[in-house]
Amino acid sequence: MPAPTATWKTEAGFDVVDAVRDVAKERGVPPAQVALAWLLGRPGVTAPIVGATKLTHVEDAVASEALKLDEREVARLEAPYRPHPVAGHS
């Protein structure tokens, strides 16, 4: 059985990345801040795990808490997402 492909490496996954980059560019912030702001806006998410290996990673994580995405931005970020099966767990 071939190894599963990472979800973001599919065409739809790249479309999600492109949407994050577009919103970030319009907001004048790094894409990481937009992605984390979206995550923090999800019900039930109270403490995302951020793997920080550079100071800028921590700074983006902190700044994302203050970034509030509007409904139109959230819809743009979610529109290209395509559900996929869980891979690598049995």
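Which hand does the crossing of helix 2 and helix 3 have, right-handed or left-handed? In this predicted model, the crossing of the two helices is right-handed. The paragraphs below start with the chain as a whole, then come back to this pair of helices and end with two individual residues.

The chain holds four helices and zero strands, and its order along the sequence reads α-α-α-α. Of its 90 residues, 19% are buried. The accessible surface amounts to about 6700 Å², and carbon and sulfur atoms account for 61% of that surface. The contacts can also be sorted by distance along the sequence. Taking those between residues at least 6 apart in sequence, 73% link residues that are at least 24 apart.

One example of two positions far apart in sequence involves helix 1, which spans residues 11-27 and includes Val 17. Val 17 and Leu 77 lie 60 residues apart along the chain, yet 8.6 Å separates their C-alpha atoms. Val 17 has a relative accessibility of 27%, and it is therefore classed as partly exposed, a class that lies between the 20% limit for buried residues and the 50% limit for exposed ones.

Back to the pair named at the outset: helix 2 covers residues 31-40 and helix 3 covers residues 55-66. Their axes come within 8 Å of each other and cross at roughly 50 degrees. Because an angle under 35 degrees would count as roughly parallel and one of 65 to 115 as roughly perpendicular, helix 2 and helix 3 are oblique to each other. On the helix 2 side, the residues that take part in the contact are Ala 32, Gln 33, Leu 36, Ala 37 and Leu 40; on the helix 3 side, they are Asp 60, Ala 61, Ala 63, Ser 64 and Glu 65. By character, the residues of this contact comprise six nonpolar, two polar and two charged.

Gln 33 deserves a closer look within this contact. This residue belongs to helix 2. Is Gln 33 buried or exposed? Its relative accessibility is 10%, so Gln 33 counts as buried, the limit for that class being under 20%. With its neighbours within four places in sequence set aside, Gln 33 is in contact with Asp 60, Ala 63, Ser 64 and Leu 67. Among these partners, Asp 60, Ala 63 and Ser 64 also appear on the helix 3 side of the contact between the two helices.

Notes: Residues numbered from 1 in each chain as written. Predicted model: local features only at pLDDT ≥ 70, side-chain atom pairs only at ≥ 80, totals over all residues. Heavy atoms only, no water. Buried < 20%, exposed > 50% of the residue type's maximum accessible area, 1.4 Å probe, protein only. Contact = heavy atoms within 4.5 Å. Areas by Shrake-Rupley, 256 points an atom, 1.4 Å probe, with all protein chains shown as cover. Axes fitted to C-alpha atoms, helices over the stretch in contact; angles between N-to-C directions. Parallel < 35°, antiparallel > 145°, perpendicular 65-115°, else oblique. Left-handed = near helix turned anticlockwise from the far one by under 90°. Nonpolar A, V, L, I, M, F, W, Y, C, P; charged D, E, K, R; others polar.
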